[in-house]
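The following exercises concern a pair of strands, the sheet around them, the shape of a chain and a chain interface. Each task is followed by a worked solution.

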Amino acid sequence: MSSALISLSNLGFAWPGQAQLLDIPSFTLQRGESLFLKGPSGSGKTTLLGLLGGVQTPNRGSIRLLDQELSALSASARDRFRVDHTGYIFQQFNLLPFLSVRENVELPCHFSRLRASRAIQRHGSIDQAAATLLAHLGLKEPTLLERRADELSIGQQQRVAAARALIGQPELVIADEPTSALDFDAREAFLQLLFAECREAGASLLFVSHDQSLARLFDRSLSLAELNRAATPTEV
Amino acid sequence: MYLLRLALASLGNRRFTALLTVFAIALSVCLLLAVERVRTEARASFANTISGTDLIVGARSGSVNLLLYSVFRIGNATNNIRWDSFERFADHRQVKWAIPISLGDSHRGYRVMGTSPAYFEHFRYARSQPLQIGQGRAFADDPFEVVLGAEVAKALDYRLGEELVLAHGVATISLVKHDDKPFSVVGILERTGTPVDRTLHISLAGMEALHVDWQNGMPARGAGVVSAEQARSLDLQPKQITAFLLGLNSKIATFSLQRELNEFRGEPLLAILPGVALQELWSLMGTAEKALFVVSLFVVLTGLIGMLTAILTSLNERRREMAILRSVGARPWHIASLLILEAFALALAGVLLGLLLLYLGIVGAQGHVQANYGLYLPLDLPTAYEWALLGAILSAALLMGCVPAWRAYRQSLADGLSIRL
């Protein structure tokens, strides 16, 4: 097994009837590494995440996640592979408002047997795993677990989303602008908690944002425009 | 199971629309079942009205008309028939029993029927059930005795021994009353669920006594008046009756006797087979009944389309929900199943609430419907046919759920994990 978690080579993608959006000769993310990927909106960032998640397939080239060639899998196998090995945190409104905080955190365990069994192995039960993760992320209050997710503040909601991404120890956590709705101090605090939890779980973190000021906190920082040969000069 | 939990939680989040949808389905289901019950019950009670009678004979008119006045106490005879015609056929060698019927009077809206004791002995309804006298006895020799149908006794609260006055004619409000000759209640029949319940039975002699002093359709005055006491001593043999029922020794003779009656030279008679005439009458009403059923089916369809609209409208605002589910590992078919489950849950809740409404409605309206329309609505569990109808509604809902499911499936494939704000 190689030390690379993600490796892209010679990747090309274009939406049907549109110009080439992504042309990435090579890119790797190491296991346990935290990477800041800078990309303004419209730079193909969302598409890249879609490719990594196996929701879209590239026109050419290869995407390997945990040494598995994604395009070799069927669509439903890709879906399963994604949830087994990847946790997601999005910008805002990440949670299902009609479920409790606990149920939101436990969602991936209902769709991935692997993550459910890892959560049980490590914490004894899925409920315990959710409670522990939330406590580590600063949501210690026991009553909070059973509250509806939309009763929480945005900062709290993002921490719940982080707990959900981390439950069952996926190898990769992908965060897409998770801090853009938070104020500056909260951003850094949130990131520190996220780093700590990723380290503990041994997960790699791929963090996508346009906010360059956060880059210094990561192991490595890259710009999508540098990576992507198809990027138009104005975006560089 | 977990998908069901998610579907219900999501529905709970939209509970106002969901409740409205459920209520619309419930009302339509309730209507369909109510129509179905009334329909079945009407048909059954209709077919149960008369049994064991081989021929009904009256003055020549239409067969449906004859059936209506002789059995259902609806409408009037156009003509009477002579007593000697009745006697002639009552003594016919093929005839086992004959029941004379004389109509024309009423009591507070209920019809009065003059007949002979043979009526209590030979008349059958439903599956060859004889009439049962619940209290008292049949009328005997005294002409001024009356036997009440169950509903007459109950609605007007009559007991044995009470006296009542009959009215001339069959209008609910009658101006001419036979108040000089009161009748006393000697018997009350058990409930039959047929027009018998709404009839007052007197002897032919009683019927004759009421009209013995009448001339040209008007009561006598002054010296012409015959008192009840005087009437008792008169010869009260009727000269005319309205119709009669015949039971034959052998069913095989039915058609030949029918022809004999219809070709009778003494006076124009009409003999009908009750079963055939009932069929004819029901085919008249059957159209309305079928129309009602079809209308209520369409109401159910409308309810389901309402549900479809509600789910489809919600799809767009739930793109985020779908994308979140996709990001935590739900596959497109999970998303599709969620929507089908949602449709099914709404329809199931609608059906259950509809059943509840139906039973509440039956409990509430049972007495009223029975008293006014003679229809007994049973509080039974749904019949196999009703279960089948409910099953068909649920299947239709499942089928309709496929439409939003398919759209959500496509949508979630296109949207992937990204939530476009």
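**Exercise 1.** Identify the bridge partner of A:Gly87 in β7(A), and describe the pairing of the two strands concerned.

*Solution.* Step 1: in this predicted model, A:Gly87 has A:Val173 as its bridge partner in β7(A). Step 2: β7 (residues 172-176) pairs with β6 of chain A in the parallel sense, over 4 bridges; strands pair if DSSP finds at least two bridges between them. Strands (E, at least two residues) and helices (H or I, at least four) are DSSP runs, numbered from the N terminus.

The model is predicted: local features need pLDDT of at least 70 and side-chain atom pairs count only at pLDDT 80 or more, while totals for chains, interfaces and linings use all residues. Residues are numbered from 1 along each chain as its sequence is written, and chains are lettered from A and ligands numbered from 1 in the order in which they are written.

**Exercise 2.** Place this pair in its sheet: which strands stand at the edges?

*Solution.* Step 1: the open sheet of chain A has 5 strands in the order β6-β7-β8-β3-β9, with parallel pairing. Step 2: β6 (86-89) and β9 (220-223) of chain A each have a single partner strand, so they stand at the edges with one side left without a neighbour in the sheet. Step 3: from one strand to the next, the twist averages 20 degrees. Step 4: helix α6 (residues 154-166) of chain A lies across β6 and β7, running at about 170 degrees to β6(A); angles run from 0 to 180 degrees between N-to-C directions, with axes fitted to C-alpha atoms, for helices over the stretch in contact.

**Exercise 3.** Compare the radius of gyration of chain B with that of a compact globule of 421 residues.

*Solution.* Step 1: the globule would have a radius near 22 Å, whereas chain B has 31 Å; the radius is taken over C-alpha atoms, and the rule is 2.2 Å times the number of residues to the power 0.38. Step 2: the C-alpha trace of chain B spans about 105 × 45 × 35 Å along its principal axes.

**Exercise 4.** Characterise the side of chain B that touches chain A.

*Solution.* Step 1: 17 residues of chain B are in contact with 22 residues of chain A, contact requiring C-beta atoms, placed from the backbone, within 7 Å. Step 2: the elements giving two or more residues to this side of chain B are α1 (2-13) and α11 (319-327). Step 3: α1(B) supplies the largest share, 5 residues.

Key. Contact = placed C-beta atoms within 7 Å.
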